[in-house]
Amino acid sequence: MSLFGGGRSFLDALTPQDRATLTALGAPRVYASGDVMIEERDTSTFVLLVLSGWAVVSVGTDRGGRLILALRGAGEVVGDLAAVDRGPRSATVTALGQVRTVAVSGERFRSFLAARPQATALIMRQLSARLRSSDVERRSLASGSVLQRLAARLVELGGRVGRTDGDGTVIDLPLPQHDLAAAIGATREAVAKVLRLLRDQGVVRTAHRRLIVTDMDLLRLLAEGREQPPQRGPAKKSPPLV
């Protein structure tokens, strides 16, 4: 399962001339942390070209919660599915910190793609990759434990947005526990229990808006379901994490 798109972002994959042409078709928009940039089921068709910052893509669940599908950063485009098929928005996009974008109308975006087969191929490849990722996500939700799914998310976050210092891999992306829970299809209580276990065993450390992975190798093994956190000190029997 992956929160991030694979390969080069859409804007980075365009030629410099095409990138400049597309950006010139829109108008700047800046979103503050927590702002809803695109809302699920809305009928608008504009796309947002992300210039800086991070945005969370999520969908509502039948139980009234939400499931985080992806994180989108600089160079990526969001809202493209509705622009292409003109259907209702399939997900909500929310700013995670300040996000700078350029908003391009659906009509202008479609015209841009129609004149550039290479750009159309990039969008189709992007939509296909997201579909494949959702298939993997469903399998993970059906078979992986909370421990395994959370470990996989932390490994992924560490690899994409983490930085190394003397204590380990520092993840500064401001994802609170309820967002981590929404990113793995679990409850906040279950995530808190797993984080407590990982802290007690020295695998991670947590602070305000920051998480430090102190044993990335072990975390990878946990993500693969090949290891359990080692007991340090008097042995305790931990409750099952499912």
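## Strands, helices and a nonpolar core

T206 stands opposite L211 in strand 10. The model is a predicted one, and this pair of residues is a convenient place to enter it. Strand 9, residues 204–207, pairs with strand 10 in the antiparallel sense, over 4 bridges. The two strands form a hairpin with 2 residues between them. In the turn of that hairpin, R209 has a positive phi of about 60 degrees.

Strand 10 also pairs with strand 8. The sense is again antiparallel, and 3 bridges are involved. Here I171 is the residue that stands opposite L211. L211 of strand 10 therefore faces T206 in one pairing and I171 in the other. From strand 8 (168–171), the chain can be followed into the loop that leads to helix 7, where P176 is found. P176 is partly exposed, with a relative accessible area of 25%. The C-alpha atoms of P176 and R188 are separated by 9.6 Å, and the two residues are 12 apart along the chain.

Next comes helix 7, residues 177–184. Is this helix enclosed by the rest of the structure or open? Of its 8 residues, 6 are buried, so helix 7 is largely enclosed by the rest of the structure. The buried residues are D179, L180, A181, A182, A183 and I184. Just after the helix, G185 takes a positive phi of about 70 degrees.

Helix 8 covers residues 188–200, and helix 6 covers residues 146–161. Two packed helices are described by the angle between their axes and the distance between the axes. For helix 6 and helix 8, the axes come within 10 Å and cross at roughly 75 degrees. That crossing makes helix 6 roughly perpendicular to helix 8. Which residues meet in this contact? On the side of helix 6 they are V146, L147 and L150, and on the side of helix 8 they are A190, V191, V194, L195 and L198. The contact has 8 nonpolar residues, with no polar and no charged ones.

Both helices also belong to a wider grouping. The largest nonpolar core has 35 residues, and the members that touch the most others are L71, L150, L154, L157, L180, L198 and L219. Two or more residues of this core come from each of strand 4, helix 6, helix 7, helix 8, strand 10 (210–213) and helix 9 (216–223). Helix 6 gives the largest share, 7 residues. Some residues named earlier return here: L150 and L198 take part in the contact of helix 6 with helix 8, and L180 is one of the buried residues of helix 7.

Strand 4 leads to another set of paired strands, in which strand 3 has three partners to consider. Strand 3 (residues 47–60) and strand 6 (residues 92–104) run antiparallel and are joined by 10 bridges. V47 has V104 of strand 6 as its bridge partner. Strand 3 and strand 4 (residues 66–72) also run antiparallel, with 6 bridges joining them. In that pairing A55 is partnered by R72 of strand 4. Strands 3 and 4 form a hairpin with 5 residues between them, and G64 in the turn has a positive phi of about 90 degrees. Strand 5 (residues 77–78) pairs with strand 3 over 2 bridges, in the antiparallel sense. There, L49 stands opposite V77 in strand 5.

Terms used: Residues numbered from 1 in each chain as written. Predicted model: local features only at pLDDT ≥ 70, side-chain atom pairs only at ≥ 80, totals over all residues. Heavy atoms only, no water. Buried < 20%, exposed > 50% of the residue type's maximum accessible area, 1.4 Å probe, protein only. Axes fitted to C-alpha atoms, helices over the stretch in contact; angles between N-to-C directions. Parallel < 35°, antiparallel > 145°, perpendicular 65-115°, else oblique. Contact = heavy atoms within 4.5 Å. Nonpolar A, V, L, I, M, F, W, Y, C, P; charged D, E, K, R; others polar. Pairing = 2+ DSSP bridges. Core = buried A, V, L, I, M, F, W, Y, C linked by side-chain atoms within 4.5 Å.
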